[in-house]
Every structure is written in C-alpha cells, then in structure tokens.
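I opened this entry to keep track of what I looked up, one topic at a time.

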Amino acid sequence: MEQPPGINIILNDPKLSDTLRKIAEKVIAQERITEEEGLHLFEHAPLGYLGSLANYIRERKHGNRTYFNRNFHLEPTNVCLYTCTFCSYSRLIKKREEGWEYTMEDMMDIIKKYDDEPVTEVHIVGGVLPQYDLKFYTELFQNIKAHRPELHVKALTPVEYHYIFKKGKVSYAKGMRLMKEAGLDSMPGGGAEIFHPEIRDQIAGGKCSGEQWLQIHEEWHKLGRRSNATMLYGHIEKYHHRIHHLEELRKLQDRTGGFQTFIPLKFRNKDNQMSHVPESTMVEDVRNYAISRIYLDNFDHVKAYWPMIGRNAAQMLLAFGVDDIDGTIDDTTKIYTMAGSEEQTPVMSTRELVNLIRAVGRQPIERDTLYNVVQDYTDHVFEDDVQYKGYVSLPVVNN
Ligand code: V47
Ligand code: SF4
C-alpha cells in the first residue's frame, strides 16, 4: 500500500528494530498499541520515528486543519487550601492577603468586560477555598448564562467538584447533574496531574485521587457532556507512570467516548516547592507529545497549550501530533506566568495565531469548544497583513 513519505522513510530504515517496525505497522493498520509497546516508545524510539508516526496519525485524523478558539480565563482565586508541590498557588495559603479572592460581583464584572468581544468560551479554574462551594458555583453558572446564554462555560475540575460535593453531601452523579442544570457546558482537563498514587501522593496529596478524577469525568460523560484530560509530566514521574496515566484515560474513553482533547502539561519549576526539580528538555517534550498522540488512539485531538509550552514550541509541535493550540488568550491567565512559562505576556491576537499556524503550512480553523467550525482562516486576508513571514506551502493532505 502507498504510504506518505514520512512513513516510508521509517519503514525503509534497515536499522529499525523489529519492535519499532511492528509498532509502526500497527499504527498504519489502525491497531492499538499495548502498554509494553508504549513504554518501549518512551525508552527506545528515536525522535524522527516518533514524529513521522504521530504526524501520520494527526494528518489521517485532521489533514492540515489546526484548531484554535477565542476564549478567556477566569480565576476566582489564586489561594488554595491544597498543597500541591508543583503549584505556585499553594504557597499563598499562609499569606492569604497577598492573593486575590473574587466575589460573585467581581467575577460577573470580569465576564461583562468581554461583552463586546467575539469570545465563545469562558474557562474557569483556580484554587480551592471554602467560600467557593456548591451554592457559589451553581449561582455563578446561572448568572453567566442569564447574562450571556451563548457563552460556553468550561469550568472547574474534579479537584473542585470532589471538594464541593463532599462538603455539600451530594454524590458525584447528583453533583454533576446539578452543575449541568446550573449551566455548566463542559469540563476542562485540569487536576489530573499523574494518576498513579506513587507519584500523586507525593505531589498532590490530599486532593481527589486519580480514581476519583476519572469517576467524576465518567459521571459527566454519562450526562452526554464532553470534557478534556491533561497530564502533568516532566517532574518526578517515570515513564511507566505516564503510560499508566494514558492507559487509564484510554480505558475510560473506550467506555464513554466523552473526552475531546488530551493536553500534556509540561511541569514548570518557578515559584513552587519543586523548584529544585529541573524542567524537561525540548526533545523530551516533543517525544511526550508524539507518544501521547500514538497511544491515545481513541482521542480526537491533542492540544499544545501555547501560554504554557511557549508559542515557538507549540508551532513546532504541529509536526508532532498536535492539531490544536487553544485560544487567543486575553489578559487573565496568571497561573503559568507564575510557574515560569517563557510566555510572560500570554496574549496573542487572532492574526498572530493564524500566522503562526500558516507559517508551518497548516490550515488555521477557529473552533468553538465542541469543535464546530466558527471560521476557516485558510484563505482569510487580514486588512493590515502584507505577507506572512516564513510561510511554507505544504501539500494539502487528503483524508
Ligand atoms: O491541573 C499547575 C497545571 C493545570 C503547574 O482543558 C502546572 O482546555 C505545569 O488544566 N507547571 C490547570 N503545570 C490548567 C489546565 C488547562 C489549561 C489549558 C487548557 C485546558 C483545557 C486545561 O495546570 C493544573 C496543573 O496540572 N499546573 N502548576 C506547573 N508548575
Ligand atoms: Fe490547588 Fe490546584 Fe494548585 Fe493543587 S494544583 S494547589 S489543587 S490550585
């Protein structure tokens, strides 16, 4: 069978090991790789091999289409009663006065600031504090929907839900139903970290377990709703912990089909209790994205969250399995700048984002949260744009 050039190059490599050849053949035949094979990729696969396979899958699923959305972040507080060692929020609990704790009115004022902006989504995530309880969040979602019904509310993670449902004495199933009724549209992927208790207990002890994280997503999916999943990698975990994490996600996705997007999150070491742990190298990051794309055969999308990984890395990752680079983030995302991302100003205009995607020969598509196309920017001409710098024209992949 005729294969794309990247795949032929790896299959024709006389030095390719039998195991890597078998994995490549499985991927081409759309067969699932095993946990052992996933681990083998982490331990032995060369970067070029991983890139060719991950890109093959990406183009098979999406061609050159590359998604972004217009959203804004709302962070109720940067103080948290949990003490995750990787998080710059946790250190503020002892000096609470240095942080912010928004009231309902503050939150609605921020929402209203975007009234005239063409944003499609608000992403709400922050620390856990007692005043942000079941009542607060149901009211918040209701208020947002009353003010701007079409704004998609992507909010909170199982970390908050586990806490507020326990406090409110409701089951996960009932709690998620209440959230849906209040106006919650979808769940972001945060709070997943590393599911394996050997690591989770050391870096995120006290908050919901990996099992509880998965159960809450499952309840949400049972209501016919969608969510994302993340993995915080590149700290003290070993490759087998990453595979365990990916495997748990793949199994849940087999049961529900409710996940849309997988987002690997690179551990950043500034201003937290793990500052002594070195950050992963760029090669390690790229390998991790590519293997995630190969392993999670039942996930439609892999996202590089550019405010965190950096815009240059996000652009490069479009050749390593990534098909989504998140939003035209506006002004309120503070968690990552605090943790040390090189993106000190995590703001990109639509034009910048579109040109970043075009510069590597991909087609920029603005999507809404559920991947409905809002606008195809492939041939769009911006008024003040003369020419894109460094544009490379790649053949459009038919699929
Ligand atoms: O759960 C905290 C991570 C997550 C650090 O679903 C850190 O579309 C790296 O999940 N280094 C929250 N990561 C953000 C999140 C997210 C972001 C963008 C899009 C989506 C989505 C979800 O941030 C936390 C935690 O894993 N985080 N501190 C740190 N030092
Ligand atoms: Fe709190 Fe989340 Fe930070 Fe942990 S990662 S300390 S739960 S804000």
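My notes below cover a ligand shell, salt bridges and one helix pair.

**Entry 1: the model.** I note at the outset that this is a predicted model.

**Entry 2: ligand 2.** I asked which residues surround ligand 2. I found Cys80, Tyr82, Cys84, Phe86, Cys87, Tyr89, Ser90, Gly126, Gly127, Val159 and Lys207. I then sorted this shell by residue class and got 7 nonpolar, 3 polar and 1 charged. Lys is classed as charged, and Lys207 is in the list, so I followed that residue into the salt bridges.

**Entry 3: Lys207.** I looked for its partner and found Glu193, with the closest N and O atoms 2.7 Å apart. The two residues sit in distant parts of the chain, 14 residues apart. I placed Lys207 in the loop between helix 9 (197–203) and helix 10 (210–222), and Glu193 in the loop between helix 8 (172–182) and helix 9. I checked exposure as well: Lys207 is buried, and Glu193 is too.

**Entry 4: salt bridges overall.** I counted 23 salt bridges in the structure. I also recorded a network of them that links Lys22, Lys26 and Glu37.

**Entry 5: Arg362 and Glu59.** I looked up this pair and found a salt bridge between the side chains, at 2.7 Å from N to O. Arg362 lies in the loop between helix 16 (350–358) and strand 9 (363–367), and Glu59 lies in helix 4 (residues 47–62), so the bridge ties together parts that are 303 residues apart in sequence. I asked whether Arg362 and Glu59 are buried or exposed. Both of them are buried.

**Entry 6: Lys222 and Glu219.** I found a salt bridge between these side chains too, at 3.3 Å from N to O. I wanted to know how Lys222 and Glu219 are placed along helix 10. They are 3 residues apart there, so about one helical turn separates them. Lys222 has a relative accessible area of 57%. I call Lys222 exposed because that value is over the 50% cut-off.

**Entry 7: helix 10 and helix 11.** I stayed with helix 10 and looked at how it is placed against helix 11 (residues 239–256). Two packed helices are described by the angle and the distance between their axes. I read off axes that come within 11 Å and cross at roughly 20°. Helix 10 and helix 11 are therefore roughly parallel to each other, since an angle under 35 degrees counts as such. I logged the crossing of helix 10 past helix 11 as right-handed.

Note on methods. Residues are numbered from 1 along each chain as its sequence is written. Chains are lettered from A and ligands numbered from 1 in the order in which they are written. This is a predicted model: local features need pLDDT of at least 70, side-chain atom pairs count only at pLDDT 80 or more; totals for chains, interfaces and linings use all residues. Side-chain values use heavy atoms; hydrogens and water are left out. A residue is near a molecule or strand if one of its heavy atoms lies within 4 Å of it. A salt bridge is a side-chain nitrogen of Lys or Arg within 4 Å of a carboxyl oxygen of Asp or Glu. Helices (H or I, at least four residues) and strands (E, at least two) are DSSP runs, numbered from the N terminus. Buried means under 20% relative accessible area, exposed over 50%, partly exposed in between (1.4 Å probe, protein chains only). Axes are lines fitted to C-alpha atoms, for helices over the stretch in contact, and angles run from 0 to 180 degrees between N-to-C directions. Angles under 35 degrees count as roughly parallel, over 145 as roughly antiparallel, 65 to 115 as roughly perpendicular and the rest as oblique. A crossing is left-handed if the near helix is turned anticlockwise from the far one by less than a right angle, and right-handed if clockwise.
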